[in-house]
Amino acid sequence: MLGAEGEKPSLGHDIAPAKAVVSVVEPHAAAETHLSASEIQSKGLPPNVMRVIASVVDVFIASLTPEETNQLVSTYAKTVSGPSPTPADVLTQFATLKASDLNAAEEIAQLFLNVAPKAQLKQLTDALGLLSTSFGTWLLCRGSYLPGKAFPDLPRDAQEKALQSLGRSRMASFRVLFAALKNATGKVVYGKLVYDENGKVRNPTHAAMGHPGPYPEKERPPAEKFWTPPLLDVEGLAAERGLDATETVELECDVVIVGSGAGGGLIAAELAKAGHKVIVMEKAVFTNPADYILIEEFAMNKLYESQGALTTETGSMNMFAGSSVGGGTTVNWSGSLRLPHTVRKEWATKFNLPVFLSREYAKSFDAIESRLGVSTEHIQHNAANQVVLDGCKELGFPVGPIPQNTAGQTHSCGWCIFGCPYGEKQSSYMTYLKDAADHGMQLIDGAFVEKVIVERGVAKGVLATVGSSKRKVVVKSKKVVAACGGLHTAPLLLRSGLRNRHVGRNLRLHPATIVVGIFPERLVKPFHGSIMTTLSSAADNIDGTGYGVKIEVPSFPPVMYSAVMPWHSALDHKRLMTLMDRASPVLVLLRDEDSEGRVWSDEEHKLRIDWNMSKTDRVRIAKGVQAAIDILIAAGASEIITPQQSVAPLKLENVTDNPRPFESDEYQKYCAMVQKKKEELSIFGAHQMGSCRMAGSSALGACKPDGETWEVKGLYVGDASLFPTASGVNPMITVYSMANIVAQGMKHKMASERETKATAAVPAKL
C-alpha cells in the first residue's frame, strides 16, 4: 500500500538493528572481486595505512556517546516542526552506527585500488602513512591541539580537531585529502547495498534521513518490456573458428563505432538505416533496466565511469560520467536543452563553423527532439524544484521549465541518476540504438578499444580486448567513429598515434557546486518526484561575455547529500544527515571559459585528467553561489549551507516573518565569508566536452567541420569531444545535434564513394 505521496512509508522505520542487517551477504555489491587484507597490502596499502583509514572513517561517521545521542535527538525535535518527523528510536539507532559497521575501511581501500592511477595512489598512501606517525599527524593537521601521538592513537575529540584542521588548511592538497576521505566514507556507507534476512535492500542509515531506500515510486515493468541488443558473442565465434585463447577474432563491417551514448547511438542509427553494416563497441556490459538496483553502490559500479570516483590529477574536482549501453543518457537527469544561439554564433565566428548558424542545423533539433520525446508537457515539479521557482519569482529572477526527454510522461522518479527502470526516459538505448538494431546494427559489449588501426593515414578498423578473457578482436572497417565521450575519445586518438595539439586538450567540464537550504516545516524530500525540471538564467551572463552559471535543481540521493555537506564534527554531521528530507538543493552550473584541462590515459589505460579552475571562473561560480543563496532565502529557508569547510551555516530565525532578510548583519557577514573562501567550494562535474574540438582549420581544432579528424582520413569523432567551447547548458541535445552533422556528412561521403567505385567498375564504351 503506497502512502499519500507515492512512497512506502513503512520502509523508513521498520529496519532491524544495524549490526544484524550488515551481517547479511551482499550478492550484487561489487563490480570487482573483493580483496583480502593480504591482497590489499600487496597492491599498495600497507597495514599502517589501513589502520589510519579505519580510524578516519570512524571519526567522520562515528558512534556517538550517550550525551551526544541525546543532543542529536533533542536538537532534531526542536528544529523539525513539519509533517512526518523521524521517530526518536530511529535517530538513536543512527546515532550509534559507525562506518566500520559497514566495513567502510575495506570498501574504501578497494575503491582506491580499483580506480586511482598509480601516481595518485602513491600520493594518497604517502599522506595516509604520515598520519600513522605522530610527526606526520602534527605536520598535516597543525593548527589544532594534538598530543604527541599518531592519528589512530588519539582520542576521538582530538581526532575531530585534527580533521577539522586538515579540512580548513591553507594548503589545497591537504583540503583535497580531507575531501577525498570524507566523500569516500559517505559513498561506501550511505550508498552501500545491504540485504536483510528477506533479501531486500535496506541500508541502515536511510531511515534516519527520511529516505525510503532503493524502491521505485511505482510498480516496475517486467524485463520483457525492454529490448535486448543484438550482442555479438565473440567467444562463441572464436570457438566456431577453432581459435585458442591467444588468437585474435577478426570481424568486418562498413562502419565501426566506439561508444553507444548519444553520439554513437544516433550515428549508428543513421548509417544503419542508410544500408551500411554497423558494429558498435561499448566497454560497459549490458544490464537490462529491469535489473537496476536503485542505490549508489550498484549504479556506480555498473553504470558509471571509474565506479563514480573519478577525479582530476590534484583531486580538486570529482567527475561523473556514464559508462553503460546508452552512455551518459542512461543516468542523466532528462534535461533536454538546445544549444543557445549566442553559443552557436560564437562557434560559427570564432572557430569558422558556419554550419551552426544554418537553417539545416536549427531544423535538426526538431527531428532529434521528436525522436526523444522532448517536451515540457506533463512536468510536475517536485518540492525542491518548486522552491527554486518560488524563490526566483520572489526575487524577479527569470525562471522556467526544463524540457524532458520522457515522451510526454510525467516521470516522477527521483532515482533516475541510477538509471530508469521504467523505460520512460528516452535514452540512446531506448531510441537510436533500437533504431540501429532494427536495421542490422550489432553490438559488442565489454569491449575496450585499444587503438584505431591506421594505414598510410587512413583508418582501417580498430583493435580491442573483449570480455573477462581479454580476447583480442580486430574489426576491419571502411570508417571508424570515436564516440566514447569527452573523456575517452581523446585518449583513444592519442593511443592511435594522432598528434594534433588539440587532441586531449581544451577540456571543459561545466564545474558545478550545490547550495542547500533547510526547511524544517516542509517535507521537501529532494530524492522524490521529477528531478531537474526548473532552470534560472539569472546569472548566466555575469560580466557580459556570455559566461556565467545556470541555476538548476539536482538529483539528490544520500551519497551526494553527504558529499555536499561540510563536516565540522561527528555530531554535526549526523544532525545534517537527519535533516535530509527537509533539505532543498540548488545546483550552480558554470559555463567554464578558461579553466583549461587535458585528458589522456596511462599505461594501465586509466584516465588521467589535468584540470585547474581559473581565477575568472572561480569568481563567476562564487557569484552563482550568491544567487542560489538569495533564491533559497527568498523561498523561506531557515538555514543555508554551502560546501565550504571554513564557512559555518547561516541560520535565520523567524525567516517567514522577516520582511528584510537581506539587510541583516548576519546575512551580509555570511555572504562576505562565502566569497572570501571561494577556493574552498567543493566542485564536481558531469559534463565533459571539447577534448577533440571541431574547427575550420587544424590550427584551431582536432576535427574538421564534418567531424573527420584532420590527421586521419575515415576517422571521425561523434560526441561531446567535438564542442569548440563549453555549451553552457546540459549538453545531451547538443551532442545529438553534432552527431547528426557527422552522420549526414558520412552518409553523403560514403554514397559518393560507393557511386565512384561503381562507376569505375563499369567498362568504358568504345
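How many bridges join strand β1 to β11? In this predicted model, nine bridges link the two strands. β1 covers residues 249–258 and runs parallel to β11. Strand β11 itself spans residues 471–482. Along this pairing, E250 stands opposite V474 of β11.

β11 also pairs with strand β10, residues 458–466. Here the two strands run antiparallel, and six bridges join them. V462 stands opposite V475 in β11. The β10 and β11 strands form a hairpin, with four residues between them. In the turn, G467 has a positive phi of about 75 degrees.

Strand β21, residues 715–717, is a further partner of β11. Three bridges join β11 to β21, and the strands run parallel. L715 in β21 is the bridge partner of V480. β11 is mostly covered, with nine of its twelve residues buried.

One residue of β11 was examined in detail: K479. Is this lysine, K479, buried or exposed? The relative accessibility of K479 is 7%, so K479 counts as buried. The cut-off for buried is under 20% relative accessible area. The side chain of K479 makes a polar contact with the side chain of E753, at 3.0 Å. E753 is also among the residues in contact with K479 once neighbours within four places in sequence are set aside. That list includes D254, V255 and V256. These three residue numbers fall within the range of β1, residues 249–258. G714 and Y716 also touch K479. Y716 falls within the range of β21, residues 715–717. M746, K749 and M750 complete the contacts of K479, together with E753.

The helices were considered next. Helix α10, residues 172–190, packs against helix α3, residues 47–60. The angle between α3 and α10 is about 70 degrees, and their axes are 10 Å apart. That angle makes α3 roughly perpendicular to α10. On the α3 side, the contact is made by V56, V57 and F60. On the α10 side, F178, L181, K182 and T185 take part. Five residues of this contact between α3 and α10 are nonpolar, one is polar and one is charged.

α10 also meets helix α9, residues 156–167. The axes of α9 and α10 come within 7 Å and cross at roughly 125 degrees. α9 and α10 are therefore oblique to each other. L163, L166 and G167 of α9 make the contact with F174, R175, L177 and F178 of α10. The residues of the α9 contact with α10 again divide into five nonpolar, one polar and one charged. F178 of α10 thus appears in the contact with α3 and in the contact with α9.

Helix α9 also holds E160. Which residues does E160 touch, not counting those up to four places away in sequence? E160 touches V59, W567, S569 and A570. The relative accessibility of E160 is 11%, so E160 counts as buried. E160 and V59 are 101 residues apart in sequence. In space, their C-alpha atoms are 6.7 Å apart. V59 falls within the range of α3, residues 47–60.

Technical notes:
Residues numbered from 1 in each chain as written. Predicted model: local features only at pLDDT ≥ 70, side-chain atom pairs only at ≥ 80, totals over all residues. Heavy atoms only, no water. Axes fitted to C-alpha atoms, helices over the stretch in contact; angles between N-to-C directions. Parallel < 35°, antiparallel > 145°, perpendicular 65-115°, else oblique. Contact = heavy atoms within 4.5 Å. Nonpolar A, V, L, I, M, F, W, Y, C, P; charged D, E, K, R; others polar. Buried < 20%, exposed > 50% of the residue type's maximum accessible area, 1.4 Å probe, protein only. Polar contact = N/O pair within 3.5 Å; in protein donor to acceptor, adjacent residues only side chain to side chain. Pairing = 2+ DSSP bridges.
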